[in-house]
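Reader: I am new to protein models and would like to learn how to read one, feature by feature. Could we start with the surface and work inwards?

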Amino acid sequence: MGFGEDEESVVGLPNKSIFRYNSPLVQVCLIGLVCFCCPGMFNALSGMGGGGQVDATAANNANTALYTTFAIFGVLGGGIYNILGPRFTLFAGCSTYILYAGSFLYYNHYQHQAFAIVAGAILGIGAGLLWAGQGAIMTSYPPPGRKGSYISLFWSIFNMGGVVGGLIPFILNYNRSEAASVNDGTYIGFMCFMFAGTVLTLAILHPSRVVRDDGSHCTNIKYSDVSTEAVEILKLFRNWKMLLMVPAAWASNFFYTYQFNHVNAFLFNLRTRGFNNVFYWGAQMVGSVGIGYILDFSFQSRKKRGFVGIGVVGLLATAIWAGGLANHLHYDRTLTHKLDFKDSGSEYAGPFVLYFSYGLLDAMFQSLVYWVIGALADDSETLSRYTGFYKGVQSAGGAVAWQIDAHNVKRLSQLIVNWVLTSVSYPLLAILVMLAVKDEKKVETKEDDDAFASAKASTAEEITGGELSKPA
């Protein structure tokens, strides 16, 4: 079994041009552009709260369906990616985003949520495929010592989609400060970007064809099979490394419900929500670059860089969630009208800075987790399964969070649960770094020692064999 994209790569050192099509840099940029167009626009749609509708019920139920199927296909997605390769997997995944945006265009006219819920469930399948493939590309293609930089590059391109996507409802609804639901043009604009991203997946190369500057390949395996992937996926649930990752994975999408529905949608009017999203996703670009620098360049030791990154994100998270609690307690008692970025004056500033900070923290937290996953292995097959497991658990948390909100659980309770979940994650990630992440020098030394031992054994065998074959 194989596909046209699995052709043999040219052996030898590649040219060092940054525009080399089969370089990790170009391929990571391409997957960043794909995610700019598809999940980037989905994030902008979700970030408005309620999918851009006055009543968040349809969006909450659609997101519950989405994250339920996402939880299953996130875990399975790594295996499917290894069997089908990136083009088929990513193309199928991205096409489901168009249907989801279209379901809210339909809802704008007919107010029937069944289509949105079914489209959400289908999107969960597609998102599982897309994010498993994206995770494998982002964590396995870069050189081992530059994974933080490549993750931040991807995250910046991807979240530029949220920035542009935030501008769409802001511009199209600018003169509708009292409007409750976004207009049709907003959803159509999202769908056009999503279609472009779906087509762009066809430019992604199979990992066996991607060559780093040192001549190494991202994988030597061109395809896998169903039985192998089924066994390897089941092993993930007994893998202690993945079990330590569960709280971080669960928390990493759990907080979106609170931030989108109970900060952005609760405090601000429609046009201001779009304006805020431009900065929320822009903050993600800043956060990913900052944590990427720490994780790649702060210290020579990779393990020490991991500890510092966890410490920085943990301290920042504590400060931001504490600010969120103060904001919540204040506006829960005093809010009498929706805030507007033009008309509310200084009253708008504090909640805006908080929402910006939530975006900053999201990028730093998820980039940190991806960096830890990338430090656990270097081959595409293993990392596709690891990232698939991460996205599956993450989506299960998201499904629970959206349903919690649909059942009108108190906003303060949601905030406290989010704060606790993220806080529990940091010591467990530190244990994982301590026990499972190796410094690059140690890895290289071990490989050199193994190669030397192998060469020595081979030479000894040749000498022994030669002596035994000599005539008496």
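Author: We can, keeping in mind that this is a predicted model. A first term is the patch: nonpolar side chains such as Val, Leu, Ile, Met, Phe, Trp and Tyr are joined into one when they lie within 5 Å, provided that each residue has over 30% relative accessible area and no salt bridge.

Reader: Which residues form a nonpolar patch on the surface here, and with what accessible area?

Author: The patch consists of L99, Y106, Y110, F115, V118 and I122, which together have about 490 Å² of accessible area. Two helices, α4 (86–110) and α5 (113–140), each give two or more residues to the patch, and Y110 belongs to α4. For the protein chain as a whole, about 18900 Å² is exposed, with carbon and sulfur atoms supplying 67% of that area.

Reader: What is the secondary structure of the chain, and what percentage of its residues count as buried?

Author: The chain has 15 helices and zero strands, and 56% of its 472 residues count as buried. In soluble globular proteins, nonpolar side chains tend to be buried together. In this model the largest nonpolar core holds 115 residues, among which Y97, Y100, W131, F154 and M245 touch the most other members. The helix that gives the most to this core is α12 (residues 349–375), with 16 residues. Leaving aside residues up to four places away in sequence, M245 touches V369, V372, I373, L376, Y390, L429 and L432.

Reader: Where is Y355, and is this residue buried or exposed?

Author: Y355 sits in helix α12 and counts as buried because its relative accessibility is 1%, where buried means under 20%. Its C-alpha atom is separated by 7.3 Å from that of V263, although the two residues are 92 apart along the chain.

Reader: How should I read a single helix, and which residues of α8 are buried?

Author: One looks down the helix axis and asks where the buried residues point. In α8 (residues 226–236), the buried residues are E229, I233 and L236. They fall within an arc of 45° seen down the axis, so they line one face of the helix. The face turned away from that buried side carries the exposed residues S227 and L234, while the cover over the buried residues includes α3 (57–84), α9 (240–267) and α13 (380–406).

Reader: How many salt bridges are there, and how far apart are the closest N and O atoms of K147 and D378?

Author: Side chains of opposite charge can pair when their charged atoms come close. The count here comes to five salt bridges, and in the one between K147 and D378 the closest N and O atoms are 2.9 Å apart. This pair links distant parts of the chain, since K147 is in helix α6 (residues 147–172) and D378 is in the loop between α12 and α13, 231 residues apart. K147 is buried, at 2% relative accessible area, whereas D378 is partly exposed at 35%. Another salt bridge joins E232 and K235, with 3.5 Å between the closest N and O atoms; both residues lie in α8, three residues apart, about one turn of the helix.

Reader: What about the backbone: which phi does N408 have?

Author: Most residues other than glycine have a negative phi. N408, which is not a glycine, has a positive phi of about 60°. It is placed in the loop between α13 and α14 (411–436), and it counts as exposed because its relative accessibility is 66%.

Notes
Residues are numbered from 1 along each chain as its sequence is written. This is a predicted model: local features need pLDDT of at least 70, side-chain atom pairs count only at pLDDT 80 or more; totals for chains, interfaces and linings use all residues. Side-chain values use heavy atoms; hydrogens and water are left out. Buried means under 20% relative accessible area, exposed over 50%, partly exposed in between (1.4 Å probe, protein chains only). Helices (H or I, at least four residues) and strands (E, at least two) are DSSP runs, numbered from the N terminus. The arc is that of the directions from the helix axis to the C-beta atoms. Contact means heavy atoms within 4.5 Å. Accessible areas come from the Shrake-Rupley method with a 1.4 Å probe; for residues, only the protein chains shown count as cover. A nonpolar core is a set of buried Ala, Val, Leu, Ile, Met, Phe, Trp, Tyr and Cys residues joined through side-chain atoms within 4.5 Å. Patches are made of residues with over 30% relative accessible area and no salt bridge: like charges are joined within 9 Å, nonpolar side chains (Val, Leu, Ile, Met, Phe, Trp, Tyr) within 5 Å. A salt bridge is a side-chain nitrogen of Lys or Arg within 4 Å of a carboxyl oxygen of Asp or Glu.
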